[in-house]
Amino acid sequence: MTDTPPGRVEKFFAVVLPALRRAGYAEYGSQVRLQDATGMSPGTASRLVRGKTIPDIKFFPALAQVLDMSPLELLVLAGHFPPSALQSQQTLSETNQSQVGSEGITPESAADRLGFQDEVRRAVFLGVVESLKNTKPEDDANEDSGGAAAQM
């Protein structure tokens with residue numbers, strides 16, 4: 001689950017809940033399909049479709065695909081990135097640049113290119129990148145399972 005400032009939750013769900021309905025995830029039985037499509041646990045999917053809690057960002061890529069949105073849009077709606085991050089996204093044709101022969105991008109250079117100059121946003125971004133690099137697919141299956149005590 002994600003801690004967000006007041007107002008962010010409402011903004012997130014004002015966009016996500018109608019998108020879930022448009023994508024066919026509002027009718028009876030659709031929650032199981034949402035779990036299958038995103039890898040969310042039943043509890044996480046339930047809280048999402050009821051507009052209670054923004055899911056962990058590890059689900060944003062799959063959720064974005066289900067909603068026909070970009071993961072960055074979800075990150076902005078959830079308050080993890082400033083709205084200006086969306087404006088900084090340009091296609092190669094818009095910038096008239098080629099990636100052929102270019103160097104790999106580091107998380108630090110990505111933070112620079114996205115305009116994260118203050119220490120807090122930069123640290124959050126770099127932390128998210130690091131946690132995504134270290135996430136194993138099998139870790140997602142145990143999400144919302146109740147912890148070690150519940151598994152005994």
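Begin the tour by selecting helix α8 together with α9, since the predicted model places α9 among the elements that cover the buried residues of α8. Those buried residues are Ala110, Ala111 and Leu114. Looking down the helix axis, you will find that they cover an arc of only 100°, which puts them on the same side of α8. Now turn to the face of α8 that points away from this buried side, where the exposed residues Asp112 and Arg113 are carried. Before leaving the helix, select Gly115, which follows α8 and has a positive phi, near 85°.

Next, select the nonpolar core. The largest one in the model has 35 residues, and Phe12, Leu48, Leu67 and Leu74 are the members that touch the most other members. Colouring by helix is useful here, because α1, α3, α4, α5 (71-77), α8 (107-114) and α9 (119-134) each supply at least two residues of this core. The largest share, six residues, comes from α1.

From the core, centre the view on Phe12 and display what surrounds this residue. Which residues is Phe12 in contact with, once its neighbours within four places in sequence are left aside? The contacts are Leu48, Ile54, Pro55, Phe60, Leu74, Leu77 and Ala78, and two of these, Leu48 and Leu74, are also named among the core residues that touch the most other members.

Leu48 leads on to helix α3 (residues 42-49), whose buried residues are Thr44, Ala45, Ser46, Arg47 and Leu48. To see what lies over them, show α1 (8-22), α2 (30-38) and α4 (60-67), which are included in the cover of these buried residues. Just after α3, select Gly51, which takes a positive phi of about 70°.

Stay in α3 and pick Ala45. Is this residue buried or exposed? Ala45 counts as buried because its relative accessibility is 0%, where under 20% is the cut-off for that term. Leaving aside neighbours within four places in sequence, Ala45 is in contact with Gln31, Leu34, Gln35 and Met40. A C-alpha distance drawn from Ala45 to Pro55 should read 8.1 Å, for two residues that are 10 apart in sequence.

End the tour at Gln35, which sits in helix α2 and, at 16% relative accessibility, counts as buried. With its neighbours within four places in sequence again left aside, Gln35 is in contact with Met40, Ser41, Pro42 and Ala45, so that the last selection returns you to the alanine of the previous stop.

Key: Residues are numbered from 1 along each chain as its sequence is written. This is a predicted model: local features need pLDDT of at least 70, side-chain atom pairs count only at pLDDT 80 or more; totals for chains, interfaces and linings use all residues. Side-chain values use heavy atoms; hydrogens and water are left out. Buried means under 20% relative accessible area, exposed over 50%, partly exposed in between (1.4 Å probe, protein chains only). Helices (H or I, at least four residues) and strands (E, at least two) are DSSP runs, numbered from the N terminus. Contact means heavy atoms within 4.5 Å. A nonpolar core is a set of buried Ala, Val, Leu, Ile, Met, Phe, Trp, Tyr and Cys residues joined through side-chain atoms within 4.5 Å. The arc is that of the directions from the helix axis to the C-beta atoms.
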